[in-house]
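Reader: Please take a close look at one part of this model and describe its surroundings in detail. I would like the description to start from a single residue and work outwards to the fold.

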Amino acid sequence: MLCISRLAQYLLLPLCLALAGAASATDYNTGDVQAHGGWHSLVLSLGEERHFRAIDQQSYSDAIFSVNASSGACDVPWLELRVALDENQAESATVNRVPADLRVDQATIHSGSAAFVTERGDDGFYVRFAVPHLALLLEEMAEGELLRLRMMRGEDDPWFMVFGLAGAGEAIDRLHRLCDASER
């Protein structure tokens, strides 16, 4: 069993290296990767800078949903969706802000906003979510089965996505433990 676990970690490493760029267009070192069902937790580092991430990488082949926190600001986590594009982006810009709703199973509808962002030199498109009561949403994610997103790209143009939450609770808990430990 130990060999299978180590093999899985080695196979996950290339994927996590690709995901490290999702913090920004800067290349981060990826380490301490751990699988939790359909989610993973990991540490991104560059010099003294540390970011902690819980990610769902199995719901879509071209999109990754993540919960993130940074050392020194562990009490201010954020949600991000990265969608792969066909080419590197020419500039860093916030290209739009739209209304967004997030809901776990039949729990609270968390209405907020989504900023659509590109990063120069990165082949991803980022959606950064702002919702009031993020702590409640994270608690619901830890207990739930599905996270549903709705982003309104235009008046009659919704974009829906659904992410499985098997393992999300463990990945988010570990993200918090790692981040808190980095501040001691």
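**One residue and its surroundings**

Author: Met161 has its place in strand 10. The model is a predicted one, and what follows is read from its atoms. Met161 counts as buried because its relative accessibility is 5%, and the cut-off for buried is under 20%. Leaving aside residues up to four places away in sequence, Met161 touches Tyr60, Ala63, Leu81, Leu147, Arg148, Leu149 and Met151. One of these, Ala63, is 98 residues away along the chain, and its C-alpha atom is 9.8 Å from that of Met161.

The strand that holds Met161 is at a border of the sheet. Ten strands make up an open sheet, in the order 1-2-3-4-5-8-7-6-9-10, with antiparallel pairing. Strand 1 (29-36) and strand 10 (157-164) are its edge strands, each paired on one side only. From one strand to the next, the twist averages 25°. As a general point, strands of a sheet pair through backbone hydrogen bonds, and the pairing can be parallel or antiparallel.

Next to strand 10 in the sheet order comes strand 9. Strand 9 spans residues 146-154 and holds Arg148, one of the residues that Met161 touches. Arg148 is partly exposed, because its relative accessibility is 33% and that class lies between 20% and 50%. The C-alpha atom of Arg148 is 4.5 Å from that of Val162, although 14 residues separate the two along the chain. Apart from residues up to four places away in sequence, Arg148 touches Asp101, Leu102, Arg103, Asp105, Met161 and Val162. A polar atom of the Arg148 side chain lies 3.4 Å from the backbone oxygen of Asp105.

Asp101 and Leu102, both touched by Arg148, also appear among the contacts of His110. His110 is in strand 7, which covers residues 109-118. His110 is buried, because its relative accessible area is 3%, under the 20% cut-off. Its contacts beyond four places in sequence are Ala100, Asp101, Leu102, Val131, His133, Leu136, Leu137 and Glu140. With Glu140 there is also a polar contact between the two side chains, at 2.8 Å.

Leu81 was another of the residues that Met161 touches, and it leads to the other part of the sheet. Strand 5 covers residues 78-84, and five of its seven residues are buried, so this strand is largely enclosed by the rest of the structure. On one side, strand 5 is joined antiparallel to strand 8 (residues 124-130) by six bridges. Within that pairing, Arg82 stands opposite Tyr126 in strand 8. Strand 5 is also joined to strand 4 by six bridges, again antiparallel. There, Asn68 stands opposite Trp78 of strand 5.

Asn68 is also the strand 4 bridge partner of Arg53. Six bridges link strand 4 (residues 63-70) with strand 3 (residues 49-56), and the two strands run antiparallel. Ala63, one of the contacts of Met161, falls at the start of the 63-70 range of strand 4.

A helix lies over this end of the sheet order. Helix 3 (residues 168-182) lies across strand 1, strand 2 (39-46), strand 3 and strand 4, and its direction is at about 175° to strand 3. Helix 3 has 15 residues, and the distance from its first C-alpha to its last is 21 Å, close to the 21 Å expected at 1.5 Å a residue. Its buried residues are Ala168, Gly169, Ala171, Ile172, Arg174, Leu175 and Cys179. Their cover includes strand 1, strand 2, strand 3 and strand 4, as well as helix 2 (134-143). The residue range 134-143 of helix 2 takes in Leu136, Leu137 and Glu140, which are contacts of His110.

Last, the chain as a whole. The protein chain has three helices and 10 strands, and from the N terminus they follow as α-β-β-β-β-β-β-β-β-α-β-β-α. The chain has 184 residues, of which 45% count as buried. Its accessible surface is about 9700 Å², with 51% of this belonging to carbon and sulfur atoms. Of the contacts between residues at least 6 apart in sequence, 52% join residues at least 24 apart. The contact list of Met161 includes Tyr60 and Ala63, and the second of these is 98 residues away along the chain.

Terms used. Residues numbered from 1 in each chain as written. Predicted model: local features only at pLDDT ≥ 70, side-chain atom pairs only at ≥ 80, totals over all residues. Heavy atoms only, no water. Pairing = 2+ DSSP bridges. Helix = DSSP H or I, 4+ residues; strand = E, 2+ residues; numbered from the N terminus. Axes fitted to C-alpha atoms, helices over the stretch in contact; angles between N-to-C directions. Contact = heavy atoms within 4.5 Å. Buried < 20%, exposed > 50% of the residue type's maximum accessible area, 1.4 Å probe, protein only. Polar contact = N/O pair within 3.5 Å; in protein donor to acceptor, adjacent residues only side chain to side chain. Expected span 1.5 Å × (residues − 1). Areas by Shrake-Rupley, 256 points an atom, 1.4 Å probe, with all protein chains shown as cover.
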